[in-house]
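Let's walk through this model together, starting with its sheets and ending with its pockets. Keep the viewer open as you read.

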Amino acid sequence: MPLGRELPQLLKQRLFHKGRKFDFEVNRLRLPNKSEGEWECIRHPGGALAVPVTPEGKLVLVRQYRFAIQGRILEFPAGTLEHNEDPLATVQREIQEETGYSAQKWRKLGEFFLAPGYSDEIIYAFLAQDLEKLETPPPQDGDEDMETVLLTPEELEKAILDGEPVDAKSISSFFLARPFLV
């Protein structure tokens, strides 16, 4: 992501944990404004998300169980980038695994930081069009608990405004896709 980067000075790394999906570190830093302190950070390889649209104009989402919130949340299909994986390849794999659809037409919507207060995770958002239902979808990951949900753009917007649980990356990507939805 082409951003004006200003690296802090690392004074001391106090804690580092390498996890399955991301790493966690606690560092003593000197920021560009010269203030010093300890900061926690999640180091994440990034994720890719699809806003899939059926030929009938319906959006394809998943209602997924998330252990951190102890409940189900509405999301667009998305996944974590593998090492050196192109974001488009990630999301093409994930849409098939999570929804059983594939797309013939892809448009990059943009990229954004998900939670820059404590993580460097970047989400790469794509519009997926000309969807086809797969005859034999690839299996979902063993820990995934989700159902596919089809909504019109108006129904999704109403769900968001009514406070239904929808994750931030999906809300952001929906509004990036809105100008391209008929």
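A residue counts as buried here when its relative accessible area is under 20%. Keep in mind that the model is predicted. With that cut-off in hand, strand 9 is a good place to begin: nine of its twelve residues are buried, so the strand is mostly covered.

Where does strand 9 (122-133) sit? Strand 9 belongs to an open sheet of four strands, ordered 7-4-9-8, in which the pairing is mixed. Strand 7 and strand 8 (101-113) stand at the edges of this sheet; each has a single partner strand, so one side of each is left without a neighbour. On average, neighbouring strands here are turned by 20° against each other, if direction is ignored.

You can see the mixed pairing on the two flanks of strand 9. On one flank, strand 4 runs parallel to strand 9, and six bridges join the two. Two pairs to look up are Gly 47, whose bridge partner in strand 9 is Ile 123, and Ala 48, which stands opposite Tyr 124. On the other flank, strand 8 and strand 9 run antiparallel and are joined by eleven bridges. There, Lys 108 stands opposite Phe 126 of strand 9. As you step along any of these pairs, remember that in a regular strand the side chains alternate between the two faces of the sheet.

Next, add the helices to your view. Helix 1 lies across strand 4, strand 7, strand 8 and strand 9, and runs at about 125° to strand 8. Helix 3 also lies across strand 4, strand 7, strand 8 and strand 9, with an angle of about 105° to strand 8.

Now turn to the other sheet. This is an open sheet of three strands in the order 1-2-3, with antiparallel pairing. Strand 1 (9-18) and strand 3 are its edges, each with a single partner strand, so one side of each has no neighbour in the sheet. From one strand to the next, the twist averages 20°. Strand 1 and strand 2 pair over eight antiparallel bridges, and Leu 15 has Val 26 in strand 2 as its bridge partner.

With the sheets in place, we can look at the open spaces. The largest pocket has a volume of about 1400 Å³. Of the 38 residues that line this pocket, the closest to its centre are Lys 21, Phe 22, His 44, Arg 66 and Thr 80. The elements that give two or more residues to its lining are strand 4 (47-52), strand 5 (59-66), strand 6 (71-75), strand 7 (78-80), helix 1 (87-99) and helix 3 (168-177). Which element gives the most to this lining? Helix 1 does, with four residues. By class, the lining of the largest pocket holds 15 nonpolar, seven polar and 16 charged residues.

The second largest pocket encloses about 890 Å³ of space. Its lining has 28 residues, and the closest to the centre are Arg 5, Pro 8, Cys 41, Arg 43 and Asp 120. Strand 2 (23-30), strand 3 (36-43) and strand 9 (122-133) are the elements that give two or more residues to this lining. Strand 3 supplies the largest share, four residues. Here the lining divides into 16 nonpolar, six polar and six charged residues.

Methods. Residues are numbered from 1 along each chain as its sequence is written. This is a predicted model: local features need pLDDT of at least 70, side-chain atom pairs count only at pLDDT 80 or more; totals for chains, interfaces and linings use all residues. Side-chain values use heavy atoms; hydrogens and water are left out. On a 1 Å grid over the protein atoms alone, a cavity is a set of points where a 1.4 Å probe fits but cannot get out, and a pocket is an open set with protein on both sides within 12 Å along at least five of seven lines; lining residues have an atom within 4 Å of a point. Grid points are joined across faces, edges and corners, and a volume is the space filled by probe spheres set on the points. Ala, Val, Leu, Ile, Met, Phe, Trp, Tyr, Cys and Pro count as nonpolar, Asp, Glu, Lys and Arg as charged, and the others, Gly among them, as polar. Two strands pair if DSSP finds at least two bridges between them. Axes are lines fitted to C-alpha atoms, for helices over the stretch in contact, and angles run from 0 to 180 degrees between N-to-C directions. Contact means heavy atoms within 4.5 Å. Buried means under 20% relative accessible area, exposed over 50%, partly exposed in between (1.4 Å probe, protein chains only).
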